[in-house]
Amino acid sequence: MLAQDVLAQQQLSEACGGDPSWLCQLVFEQTEMTWVASIADRGARAVLVLVLAWVVVRVIRRQGPKLANAMATSREAVARTDETDLTDQQRIDLTLRAERARQRTQTIGAVLTSVLAGLVWFLTALLILDLAGVNLAPLIASAGVAGIAIGFGAQKMVSDFFAGLFIVLEDQYGVGDVVDLGDASGTVEQVNLRVTRLRDVNGVVWYVPNSEIQRVGNMSQLWSRAVLDIDVSYDTDLDEASRILKEEADRLWHERLPDMSIIDEPEVWGVERFGADGITIRLVIKTEPIEQWKTARELRRRIKVAFDQASIEIPFPQRTVWVKNDTGHTAADATVVDTPASGGETAD
């Protein structure tokens, strides 16, 4: 009996190790098969590891954005905007910075969540391989050699990752920004460490590797500006035209429309240039991010109506056309047709 107990204990140790779990011991006692007990024990451990990894990843995906918010939100972004000693411009500036911090939080949170989740699943795979009895030492050594070889062959991908890291850390742009990346421009839909995805005005989705981005034009960081160059004819009273431009811009400013938010007093910068057909007056409006285009379109419509009411002419191209017949007349006998700015007469 003693010899049988010793043999059973040896078989149990062979199947479940020196410190057998209750599950392995139970399966061995019921089946008396070492390989069944070993598979049951390792399978249960593998399932437990997978469940724990799934729980950790779920927590990371839920808490990642909150962690990124704590890391990325600046003191200015979280400052209260309802203090009585703040001017309207300071309050607007704080609001825009808070929105910018929110956009950056989304970008950092997405990248951080992906990196941590990938790390958790990688470690889980190593633990499962160890439970399966695979010797990890040669595997890790081989992975190191393979990593060096892949690193030489995948320098482009490594460059993409480093470029993406600096894009996120330097807050060059984030999800929701309107950017010009050189070969493509549009609204950023996703930023990760390898590629930036954006959608242009035609709805085309562009995937731009981060290492190929040589320069970035961000048209929606903190605030934007609508620049309107309005042409008037040479006989226009420039002071009157500038006054009308200012009045229409101020009227839109005070209306505070939700999708045309002007955050500072509009400015008429004056005469921008003398053109071939008219004089250009420049009007500039500071708006909230991405709202400069809607604001400019609405202002152009209102300016056209106001100019029509004030009989201010918006010039169109004027040309003098010489018409020469084939009757042998000289150039002095040719007919001259003048096309002035507003339906002029024809001179014969």
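# Sheets, helices and salt bridges in a predicted model

V178 stands opposite T187 in strand β2. The strand that holds V178 is β1 (residues 178-180), and three bridges join β1 to β2 (residues 185-191) in an antiparallel arrangement. Two strands are taken to pair if DSSP finds at least two bridges between them, and the elements themselves are DSSP runs numbered from the N terminus, helices being H or I runs of at least four residues and strands being E runs of at least two.

The structure is a predicted model, in which local features need pLDDT of at least 70 and side-chain atom pairs count only at pLDDT 80 or more, while totals for chains, interfaces and linings use all residues. Residues are numbered from 1 along each chain as its sequence is written, and side-chain values use heavy atoms, with hydrogens and water left out.

## The five-stranded sheet

β1 and β2 belong to an open sheet of five strands with antiparallel pairing, arranged in the order β4-β3-β2-β1-β5. The edge positions are taken by β4 (205-209) and β5 (217-218), and because each has a single partner strand, one side of each is left without a neighbour in the sheet.

## Strand β8 and its partners

Which strands pair with β8? Strand β6 (residues 224-232) does so in the antiparallel sense over nine bridges, and A226 stands opposite I285 of β8. β7 is also antiparallel to β8, with six bridges between them, and in this pairing V271 has I281 of β8 as its bridge partner. The connection from β7 to β8 is a hairpin of four residues.

β8 is mostly covered, with nine of its nine residues buried, where buried means under 20% relative accessible area, exposed means over 50%, and partly exposed lies in between (1.4 Å probe, protein chains only). The covering applies to both faces, since I279, I281, L283, I285 and T287 are buried on one side and T280, R282, V284 and K286 on the other.

## Salt bridges

A search of the whole structure finds 16 salt bridges, each defined as a side-chain nitrogen of Lys or Arg within 4 Å of a carboxyl oxygen of Asp or Glu. One of them is formed by R282 and E272, whose closest N and O atoms are 3.6 Å apart. R282 lies in strand β8 (residues 279-287) and E272 in strand β7, so this pair ties together parts that are ten residues apart in sequence. E272 and R282 are also members of a network of salt bridges that includes D229 and R273.

A second pair is K294 and D259, with 4.0 Å from N to O. K294 is in helix α9 (residues 292-309), whereas D259 is in the loop between α8 and β7 (267-274), so the contact ties together parts that are 35 residues apart in sequence. The pair E248 and R251, at 2.8 Å from N to O, lies within a single helix, α8 (residues 238-255), where the two residues are three apart, about one turn of the helix.

The table gives the accessibility of these partners.

| Residue | Relative accessibility | Class |
|---|---|---|
| E248 | 11% | buried |
| R251 | 40% | partly exposed |
| K294 | 42% | partly exposed |
| D259 | 31% | partly exposed |
| R282 | 19% | buried |
| E272 | 36% | partly exposed |

## Helix α7

Helix α7 (residues 155-169) has 15 residues and reaches 21 Å from its first C-alpha to its last, close to the 21 Å expected at 1.5 Å a residue; the expected span is 1.5 Å times one less than the number of residues. Within α7, D160, G164, I167 and V168 are buried. They cover an arc of only 90° around the axis, which puts them on the same side of α7, the arc being that of the directions from the helix axis to the C-beta atoms. The face turned away from this buried side carries the exposed residues Q155, F162 and L169. After α7 comes D171, whose phi is positive, near 55°.

## A nonpolar surface patch

V47, L50, V51, W54, V55, V59 and W121 make a nonpolar surface patch of about 630 Å². Patches are made of residues with over 30% relative accessible area and no salt bridge, like charges being joined within 9 Å and nonpolar side chains (Val, Leu, Ile, Met, Phe, Trp, Tyr) within 5 Å; accessible areas come from the Shrake-Rupley method with a 1.4 Å probe, and for residues only the protein chains shown count as cover. Helix α3 (residues 34-72) supplies the largest share of the patch, six residues. W121 is found in helix α5 (residues 88-131) and, at 37% relative accessibility, counts as partly exposed.
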